Amino acid sequence: MPDRALDMAPGAASVDRLELEGVSVSDLTRDELFDRLRGALDRRTQLCLGFCNANMLLKALCTPAYAASLRGFLLVSDGLGIDLCSALFRGRFFRQNLNGTDLIPAFLAAETAPRTLFLLGARPGIAEAAARNLALLHPQHRVVGARDGYFPAEETGAVLAEINAASPDILLVALGNPGQETFIAEHAHRIDARVLMGVGALLDYTAGASVRAPAAFRFVRLEWLFRLLREPRRLGRRYTVDVVVFLAMILRLRLASLARSRPVRVARS
């Protein structure tokens, strides 16, 4: 069974998580998350991991079915938008930014025990190129399967059979959100893998098909701006209109939560 986050009341403040409209984002450090991943791998239990950024949270707030699918995930914070949301609702930022593009390679580099991986997603040829580069970067691990994400729904059973034949320790799913989290949520119980992660553009970066923002952009948390400048047509709405919608929505939810918590004064005759 997936490692599920504890449920709390909507909008509740917590030391160890942000809980908003049923979406629970855990406040973990990198080392704590690495321990969770190793625990699932060593105990051979299943853990579904998602990297929750502002775009994912906005889609979850607008789509209850997507929000429901995320309840089976361990979600961690990714990006400035989700950090600002935490400050607004919890009065504190997340302790660390845990974006998957940095965290997954760091985990593979730190992990001395040999692990097997299956790469699913991206355009044809990308997963295979990423697999070759991962073999060079992390020779202690082994990629046991790679497949692109352009398959019709009727081939899903064959895709699952291919994954299960390889029986990987780690399944990296790069179908974008909400597609990758929806795929994991719907099929995790049928997949023979210990850790399942929605990884966005990680395979493109690993394959060398996309370029990461320079370190200076990443340091000041403006990687989104670099991506927007490089791909304005594809990412324009996400980083302009959707940002405004996201900020308006979380402000409205915050005002509503303050109104609910305001004490009621009883008039005395």
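## Close-up views of a predicted model

**View 1. Glu181, a residue of helix α8.** The model shown here and in the views that follow is predicted. Glu181 counts as buried because its relative accessibility is 1%, and buried means under 20%. Set aside the neighbours within four places in sequence, and Glu181 still touches Met56, Tyr66, Leu70, Phe73, Gly176 and Gly198. Its side chain also makes a polar contact of 3.0 Å with the side chain of Gln180. Phe51 is worth finding here too: 130 residues separate it from Glu181 in sequence, yet C-alpha to C-alpha the two are 9.8 Å apart.

**View 2. The cis peptide bond between Asn177 and Pro178.** Follow the backbone from Asn177 to Pro178 and you'll see a cis bond, with omega near 15°. Pro178 sits in the loop that runs between β7 (170–174) and α8 (179–187). Helix α8 is also the home of Glu181 from the view before.

**View 3. Arg90 and its polar partner Asp27.** Arg90 belongs to helix α4, which covers residues 80–90. With 7% relative accessibility, this arginine falls under the 20% cut-off, so it counts as buried. The side chains of Arg90 and Asp27 are joined by a polar contact of 2.8 Å.

**View 4. The largest nonpolar core, with 38 residues.** Which residues touch the most other members of this core? They are Leu20, Leu57, Leu75, Cys85, Leu120, Leu171 and Ile191. As for elements, helix α2 (residues 54–62) gives the most to this core, five residues in total. There is also a second, separate core of 35 residues, with Leu103, Ala106, Ile126 and Ala127 among them. Back in the largest core, Cys85 makes a good spot to zoom in on. Leaving out residues up to four places away in sequence, Cys85 touches Leu18, Leu20, Leu57, Phe246 and Ile250.

**View 5. Two residues with positive phi, Glu21 and Ala122.** Neither is a glycine: phi is near 50° for Glu21 and near 70° for Ala122. Glu21 is in the loop between β1 (17–20) and β2 (23–26), while Ala122 is in the loop between β5 (116–121) and α6. Are they buried or exposed, or partly exposed? Glu21 is partly exposed because its relative accessible area, 40%, lies between the 20% and 50% cut-offs. Ala122 counts as buried because it has 10% relative accessibility, under the 20% limit.

**View 6. Strand β6 through Val143 and Ala146.** The strand spans residues 142–147. Val143 has a relative accessible area of 27%, so it is partly exposed. Ala146 counts as partly exposed as well, because its relative accessibility is 21%, just past the 20% below which a residue is called buried. Ignoring neighbours within four places in sequence, Val143 is in contact with Leu117, Leu119, Ala131 and Leu134. With residues up to four places away left out, Ala146 touches Phe118, Leu119, Ala127, Glu128, Ala131 and Glu162. For a sense of scale, the C-alpha atoms of Val143 and Trp224 are separated by 30 Å, with their positions 81 residues apart along the chain. Ala146 and Arg43 are 103 residues apart along the chain, and 25 Å separates their C-alpha atoms.

**View 7. The second largest pocket, with a volume of about 170 Å³.** Its lining is made by Thr101, Ile104, Pro105, Leu108, Leu134, Leu137, His138, Leu172, Leu202, Tyr205, Thr206 and Arg212. Elements that give two or more residues to the lining are α5 (100–110), α6 (126–137) and α9 (202–207). Which element has the largest share? That's α5, with four residues. Sorted by class, the lining holds eight nonpolar residues, three polar and one charged.

**View 8. The buried residues of helix α11.** This helix covers residues 223–230, and its buried residues are Glu223, Phe226, Arg227 and Leu228. What do they pack against? Their partners are α9, α10 (215–219) and α12 (232–235). Helix α9 appeared in the view before, where it was one of the elements giving two or more residues to the lining of the second largest pocket.

Conventions
Residues numbered from 1 in each chain as written. Predicted model: local features only at pLDDT ≥ 70, side-chain atom pairs only at ≥ 80, totals over all residues. Heavy atoms only, no water. 1 Å grid on protein atoms, 1.4 Å probe; cavity = no way out; pocket = protein on both sides within 12 Å on 5 of 7 lines; lining within 4 Å. Points joined across faces, edges and corners; volume = space filled by probe spheres on them. Nonpolar A, V, L, I, M, F, W, Y, C, P; charged D, E, K, R; others polar. Buried < 20%, exposed > 50% of the residue type's maximum accessible area, 1.4 Å probe, protein only. Polar contact = N/O pair within 3.5 Å; in protein donor to acceptor, adjacent residues only side chain to side chain. Core = buried A, V, L, I, M, F, W, Y, C linked by side-chain atoms within 4.5 Å. Contact = heavy atoms within 4.5 Å.
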